[in-house]
Amino acid sequence: MTNSVPNRFTRSCLSVLASLALLGVSATPERQLAAPRAAVGLEDSLAMPPVLQNISRVPGTVEVNLSAAPARLALLPGHVTDAYAYNGTVPGPTLEVHEGDHVIIHFHNSLPEATTIHWHGLHIPAVMDGSPLSPIGAGKRYDYRFTIPRGTAGTYWYHPHPDARTGYQMAMGLYGAIIVRDANDPLPNSLPEKLLVLSDNRFRPDGSLDIPDPKSLQGQIDRENGREGNVLLVNGQVMPVIGIRSGEVQRWRVINVSAARIYRLAIPGQTLLHVGDDGGLFERPREVGEILLANSERVEILVRGTGSPGSKTTLQTLPYDRYDPHTRPASWQDTLDLLSLRYSDASPMTPPALPSVMRTVAALDTSRASARRVIVLSQELINGKTMDMNRVDIRSRLGATEIWEIDNVVTMDHPFHLHGFQFQILDRDGIPEPYRSWKDVVNVRKHQVVHIVVRFDDFPGKWMFHCHILDHEDHGMMGILEVRPPLTRRRL
Ligand code: C2O
Ligand code: CU
Ligand code: CU
């Protein structure tokens, strides 16, 4: 291979860096969290959310300032919209940490209403979970403090979780990504990394957010289906471009922050290497044609540049019928484009070697299960009840391993989420899960029965479990699990 191609590639990169410098944009991150990532395609228009700046000088400590406040932002090209934002951006800034880090978030609620920040998927003490039990009033400050457990490297996210207002506050723009890194990441550091925060929203012609009156017909349809919007955004952008070179392999972390939309992700003409989901990497990569990403789920995928130089393709979401037949929107069968993937003209590079084994995901021991529970999901109800903040629905003990059967008895999908603990899916409708992974949400399809196993290894307290369609959650499709300290440790 001659040197001409890499040289041309490098020169163009330098000129991009030079123009960024002219714009006053620093190409050097505030805090280098990982080895430098390789330069990526030159046509990228997909912007990454800013990374929260670490103000601590103590090694192993990440200390950041985060505010939630009203903002006027260009959420939709050509319009200014009254929104809510974390530190002024939608998506909010990304919290980047390493396993083992002590994290301090100085949060200031500058919203005209109470809120919380829930660290979705993180295994941290219950008082720091930002559940509806711990609201932070308008104008108030709160320091969230927790330690990132070892073995939890992966993609997570944060969002408000106030009682009955989560859907509204997220529609207004409050959500952001969390990336937990492993100092010994099994995937090569040279893979260019992309974060894709997938959201949708609905706007009125004047650019204001269309959040209907709950009593209106659309309000009632939203309450049933969950509110979907016709504008699809990746990191807040409509149809951005990711540049890729033939042969290159990119690592994408994808988060579904949509209130109700489920994505069935595919890139025509390519397969994907599915390498991880909610709680991090699998044991082995899985070659797939498409990936179903329900609300609040995350996936890590490796996108291999198998296309030819100069070609183009698209990341799409294919039709997926999660709806009750009575309220299913006519548009459900549409294939929608999310972003454009453009191959540079550079000749193909030699693809990097990828590991066939990434890590061990030890199976939770189902033979030690001390309880089997049945959780029945129906429309807006869990086990026939609406959420009551003063009621405990399930009592468990610290250290217990339990098998939960999640039984959807209605004609629409409900993505079931448990706070605080990662679980493993055992089977869906009796079909054993073909691979093992750590999950905090599982989409339970219409009339499906899913078994999961979970171990309450730490952190006593009250934990929410709920449907992650925000309209369902806000209308009480939620319950409370209390994990109590073992009897032997109780002081009399
Ligand atoms: Cu992401 Cu209780 O939720
Ligand atoms: Cu959660
Ligand atoms: Cu639901």
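Is arginine 428 buried, exposed or partly exposed, and what is its relative accessible area? In this predicted model, arginine 428 is partly exposed, with a relative accessible area of 25%. Its salt-bridge partner is glutamate 433, and the closest N and O atoms of the two are 2.7 Å apart. Glutamate 433 has a relative accessibility of 16%, so it counts as buried, the limit being under 20%.

Arginine 428 also belongs to strand β25 (residues 423-428), which pairs with strand β28 (residues 449-455) in the antiparallel sense over five bridges. Within this pairing, isoleucine 425 faces isoleucine 452 of β28. Both strands sit in an open sheet of six strands, and a reader tracing the sheet will meet them in the order β21-β20-β23-β28-β25-β26, with mixed pairing. At the edges are β21 and β26 (431-432), each of which pairs on one side only.

Salt bridges appear elsewhere as well, and the count for the model comes to 27. One of them joins the side chains of arginine 251 and aspartate 185, at 2.9 Å from N to O. Arginine 251 belongs to strand β12 (residues 249-256), while aspartate 185 is found in the loop between β8 (176-181) and β9 (193-201), so this contact ties together parts that are 66 residues apart in sequence. The two partners differ in their surroundings: arginine 251 is buried, with a relative accessible area of 2%, whereas aspartate 185 is partly exposed at 24%. Both residues also take part in a network of salt bridges with shared partners, made up of Glu96, Arg181, Asp185, Glu193, Arg251, Arg253 and Glu300.

Another salt bridge leads to helix α3. Here the side chains of glutamate 380 and arginine 223 meet at 2.7 Å, N to O. Glutamate 380 lies in the loop between β20 (371-378) and β21 (381-382) and arginine 223 in helix α3, so the pair connects parts that are 157 residues apart in sequence. Glutamate 380 is buried, with a relative accessible area of 15%, and arginine 223 is partly exposed, with 37%.

Helix α3 itself covers residues 217-225, and its buried residues are Gly219, Asp222 and Asn225. Viewed down the axis of α3, these buried residues fall within an arc of 140°, so they line one face of the helix. The general geometry helps here: an α-helix has 3.6 residues a turn, so residues three or four places apart point the same way. Among the elements that cover the buried residues of α3 is α4 (470-474). Just after α3, glycine 226 adopts a positive phi of about 90°.

The model also holds copper ions, and two of their sites can be described in turn. Which residues bind the copper ion (ligand 3)? Its protein donors are His414 (ND1), Cys467 (SG) and His472 (ND1), at 1.9 to 2.1 Å. In sequence these donor residues follow the spacing H-x52-C-x4-H. Both cysteine 467 and histidine 472 are buried.

For the copper ion (ligand 2), the protein donors are His118 (NE2) and His417 (NE2), which lie 1.9 Å from it. This pair links distant parts of the chain, with histidine 118 in strand β5 (residues 118-120) and histidine 417 in strand β24 (residues 414-418), 299 residues apart. Histidine 118 and histidine 417 are both buried.

Notes
Residues are numbered from 1 along each chain as its sequence is written. Chains are lettered from A and ligands numbered from 1 in the order in which they are written. This is a predicted model: local features need pLDDT of at least 70, side-chain atom pairs count only at pLDDT 80 or more; totals for chains, interfaces and linings use all residues. Side-chain values use heavy atoms; hydrogens and water are left out. Donors are N, O and S atoms within 2.8 Å of the metal (3.2 Å for Na, K and Ca); water is not among the atoms, so sites may look incomplete. Helices (H or I, at least four residues) and strands (E, at least two) are DSSP runs, numbered from the N terminus. Buried means under 20% relative accessible area, exposed over 50%, partly exposed in between (1.4 Å probe, protein chains only). The arc is that of the directions from the helix axis to the C-beta atoms. Contact means heavy atoms within 4.5 Å. A salt bridge is a side-chain nitrogen of Lys or Arg within 4 Å of a carboxyl oxygen of Asp or Glu. Two strands pair if DSSP finds at least two bridges between them.
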